[in-house]
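Colleague: I would like a close look at one part of this model. Please start where protein meets DNA, and then work outwards.

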2 protein chains.
Amino acid sequence: MAATSIRDVASRAGVSVGTVSNVMNHPDKVSAAVAERVHAAITDLGFVRNDAARQLRAGHSRTIGLIVLDSRNPFFTDLARGAEDRAADSGLVVMLGNSGEDVARESTYLDVFEEQRVRGVLISPFGDVTARLETLRQRGTRAVLVDRQSEDARFSSVSVDDVAGGSLAVGHLIATGRRRIAFVGGPFEIRQVWERRRGAEMAVAAASGVSLEIIEVPALTVLAGRSAGEAIAARPAADRPDAVFAANDLVAMGILQALTMRGSTDISVPRDIALVGYDDIDFARAAVVPLSSVRQPSALIGQTAVDILMEETSDPALEPRAVVFQPELVVRESTGT
Amino acid sequence: MAATSIRDVASRAGVSVGTVSNVMNHPDKVSAAVAERVHAAITDLGFVRNDAARQLRAGHSRTIGLIVLDSRNPFFTDLARGAEDRAADSGLVVMLGNSGEDVARESTYLDVFEEQRVRGVLISPFGDVTARLETLRQRGTRAVLVDRQSEDARFSSVSVDDVAGGSLAVGHLIATGRRRIAFVGGPFEIRQVWERRRGAEMAVAAASGVSLEIIEVPALTVLAGRSAGEAIAARPAADRPDAVFAANDLVAMGILQALTMRGSTDISVPRDIALVGYDDIDFARAAVVPLSSVRQPSALIGQTAVDILMEETSDPALEPRAVVFQPELVVRESTGT
DNA sequence: CACCGAGTATGAATCGTTTCAACTCGTGGG
DNA sequence: CCCACGAGTTGAAACGATTCATACTCGGTG
C-alpha cells in the first residue's frame, strides 16, 4: 500500500514532477545526469506508473477490446492470438470478452469496454449491434468487425468469404459423387452460418439431381453436433444423407463422434456419409477420421483487424474498409476414399 | 468526441455532481424524483462513466489479470472461461495474457497488469516469478497461482495433484500389462510437467520389471508431439515403447497423429502402443483413437482462483491457502482393447 | 557589458470521478 | 414555538500523471 507516486520520485530525485514525467515520456528533453538520478529514484522506490491517471489525462487507454462468439472455439483463440500479438507490437493489450452467443453478455462487454475507453473494439457480433456500434463511434470509440462483414459498410471489417466457403465445401461433396447432402448449423442469426448455408445452396443449385437438407442446431458446439449426429444415425439407412456439411469443425467433430461411436449400426465415414467441417482447427486433422474442412486464416484476421483499428484511430477521417479473405478447402479422409 | 462528463449531466439535471455520483453508486441516498431526473439526463446526453477516473479515485480497477502458458490449449481456455464467469458475478472483467512459455512476455504482462492496478493476478507461471510476485504484493497487488502450487506457500494457489495424476496414468498402463513405458513431455521447468513425470516414476518404481524412458519435447504442443511421435515410429519395432504417457493432450494428439498417419509401418494404438494424455480436453474423445486422459476440473480451477482472490482482496490479512484438486482417470480406447 | 537563445527544468492546471464534511429543510417531540 | 434530527443535497478536495507556459542557466555575440 506504499502507493508511491510520481511526486515521491520527484522529491527523492530532487527534481520536479514534470521532469520525472519527461524522463519517462520525452527522454530527449532531459539531461543525461538528471535522467540518471530519476531512474535511480524510480528503482529505489519501486515506482510503478498508475495507468488510470495517465489514461484519464490522455483520454483513452492502452487496451483493445475483443468480443468473440465462443472463446472455446480454437478458431477464435487463434484469431485472438493474432490480435494479441499485433497489439503487443504497439504496446497495447487485448481484453478478451466472450459473448457465448448471448446478446446480454455481448452488450455488457460493450458497456464495460466503453467505460474503459478502450482504443477500439474488435467484435464478432452475435446480436444486432450496428446501432450500438454507431453510438459508440459517435462517442469516440471505433469498432472493427471480425469474421463478418458490415452489411451496410458503415464499419470496417475483416472477414472471409463464407458464401465461397460454403460453395467450396458442397461443391467438393458433389464432385465426389454425393447427392443427398445435409447442412448442419445454426443459429441462423449468426450471419456466417447463414452465408455458409447460402454457399451450399448455390453449389446445389448449380448441380442437378442433388438435394440439400437443412438441419438446424442451437449452437456451434461439439455437443450440439453430437445430438444432430445421433439424430441422423437413428434414421433408417435409406433416409440418411450421404454427405454432411457442418457449419464449423466443432459441430463436425460432434457429428463424427455420434456416427462413429455407436457400436450397433455401422455407419462409416466417409463410405456412407462424407463429412466436411469449417475453420480447419488444429484438432480437425487429428479426428477419428481426419476431417476435411474449409480453412480460414484465423490469426491473420486478428492481426489485420488490429492494423485497421490502429490506422483508423490515428486518422479518424478514414473511410471504413472491408478486407475479405478467401477460404481454402483442405481435403482429408472424411470426404476421401 | 463529445466527452460528456458527470458535470454535464449534473447541470442538465439541475443537481450537483455529487448527487449524480450518488444516483449511480448509492441510489438509496437519493430521492426518487431526483434519481428520475438524473437518469433522464444520462440517457439524453448518452453519458458513459469514465472508468479511468473512477479507478484513479478508487485506487484499483475492475479487472483481473490472467496469465496462462498457452491460450491455444483448451485446458487453459476452459480455465479462463471459469474465471471469466466467476469474475462477471462480481462485476469484474478478466484480461487474458498469453505468456506462450516465454519469460519476457510473462514479465511484460505482469508489468502491464501492475500499471493497470488490476484487482489481482491469476498466473500459471512459467519462469521463476516468486520474487516478482512478492514485490507485487508489497506494492498491493495480490496474486493467485493457478494450475500449480506455490513451493513455499507464500501465495495462494489452486492446483491439481500432478504427481497423483502421473501415477494414475502410468499405474493404469502398468495394470493393463505394459512394461516399456515412455514419458513424453517438456520443458521440465514447467513444474506440472516435472510432477507428472515424478508421478510416473513413482508408479514405475512401485511395480517390477517396468522401465520408464523420458523423451523430452521443447513445448507442450501438437507439433512437438508429432515430432516425438515420428521419432518413436522411426525406431525399429523392438526399440519402441509399448506405452506412452504424454504430459498433456496436445502432445498426445500429436503423437497419435504421427503413429496413425504413417502409411507404411503399421503401428496400432493401442495394440502396439498404448497412449494416455493429460487434461481430458474436449477433443480427446474425438481423436483418431479416443484418448485416455487424466481429467482436471479446468473451469473449476479458474472459478476457485477468482473466489480466493476476492476473499484475499477483501481481507488482506488472510493467510495464503492452497486448494488442491484430485485428478481423475478417464479410460478410452487408446489404452483399451 | 548587455543581450540572446538554446537547452533544461519547473509547477500549476487539468482530466472525471468519488467522497465527505457541511448545509438545508421539513417534521415531530418537548 | 423552538430544537433536534434525519433525509437529501451540495461542492470542494483528492486521486496521480501529463502538459505547457514560464523561468532559469550559460556560453557566446554584438
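Which atom of DNA strand D does a backbone N or O atom of A:I6 lie close to, and how many Å separate them?

Modeller: The model is predicted, so read every distance as computed. A backbone N or O atom of A:I6 lies 2.4 Å from a phosphate oxygen of DNA strand D. A:N50 also uses its backbone: an N or O atom there lies 3.5 Å from a phosphate oxygen of DNA strand D. B:T19 uses its side chain instead, with a polar atom 2.7 Å from a phosphate oxygen of that strand. Both chains supply the elements that give two or more residues to this surface. From chain A come α1 (6–13), α2 (17–25) and α4 (51–58). From chain B come α2 (17–25) and α4 (51–58).

Now take the whole surface near DNA strand D. There are 28 residues around the strand, and A:I6, A:R57, B:S16, B:T19 and B:V34 come nearest. Sugar and phosphate make up 65% of the strand's atoms that come within 4 Å of the protein. By class, the surface has 10 nonpolar, 11 polar and seven charged residues.

Turn to DNA strand C. Here 26 residues surround the strand, and the closest are A:T19, A:V34, B:I6, B:R7 and B:R57. A polar backbone atom of B:I6 is 2.4 Å from a phosphate oxygen of DNA strand C. For B:N50, a polar backbone atom is 3.4 Å from a phosphate oxygen of the strand. B:R57 reaches a base: a polar atom of its side chain lies 2.5 Å from a base oxygen of DNA strand C. Among the atoms of this strand within 4 Å of the protein, 65% belong to sugar or phosphate, and the rest belong to bases. Chain B supplies at least two residues from each of α1 (6–13), α2 and α4, and chain A does so from each of α2 and α4. The surface divides into nine nonpolar, 11 polar and six charged residues.

Next, the two protein chains. Their contact takes 49 residues from chain B and 49 residues from chain A. Between them the chains bury about 4,700 Å², with 53% of it on carbon and sulfur atoms. On the chain B side, B:R72, B:E115 and B:F283 lose the most area to chain A. Together these three account for 14% of what that side buries.

Now go inside the protein. The largest nonpolar core has 154 residues. A:L122, A:F245, B:L122 and B:F245 have the most contacts inside it. A second, separate core has 32 residues, including A:L110, A:I123, B:V93 and B:L145. Look back at A:L122. Beyond residues up to four places away in sequence, A:L122 touches several others, among them A:I64, A:L66, A:V144, A:V306 and A:L309.

Finish with one residue, B:R332. B:R332 sits in the segment after β12 (328–330) of chain B. B:R332 counts as buried because its relative accessible area is 16%, under the 20% cut-off. Leaving aside neighbours within four places in sequence, its contacts include B:D280, B:A284, B:R285 and B:P290. B:L291 is also in contact with B:R332. The backbone oxygen of B:L291 lies 2.8 Å from a polar side-chain atom of B:R332. Compare B:R81: B:R332 and B:R81 are 251 residues apart in sequence, and 26 Å apart in space, C-alpha to C-alpha.

Definitions and conventions. Residues are numbered from 1 along each chain as its sequence is written. Chains are lettered from A and ligands numbered from 1 in the order in which they are written. This is a predicted model: local features need pLDDT of at least 70, side-chain atom pairs count only at pLDDT 80 or more; totals for chains, interfaces and linings use all residues. Side-chain values use heavy atoms; hydrogens and water are left out. Helices (H or I, at least four residues) and strands (E, at least two) are DSSP runs, numbered from the N terminus. Buried means under 20% relative accessible area, exposed over 50%, partly exposed in between (1.4 Å probe, protein chains only). Contact means heavy atoms within 4.5 Å. A polar contact is a pair of N or O atoms within 3.5 Å; within protein, one must be able to donate a hydrogen and the other to accept it, and residues adjacent in sequence count only if both atoms are side-chain atoms. A nonpolar core is a set of buried Ala, Val, Leu, Ile, Met, Phe, Trp, Tyr and Cys residues joined through side-chain atoms within 4.5 Å. A residue is near a molecule or strand if one of its heavy atoms lies within 4 Å of it. Ala, Val, Leu, Ile, Met, Phe, Trp, Tyr, Cys and Pro count as nonpolar, Asp, Glu, Lys and Arg as charged, and the others, Gly among them, as polar. Buried area is the accessible area (1.4 Å probe) that two parts lose on being put together, summed over both.
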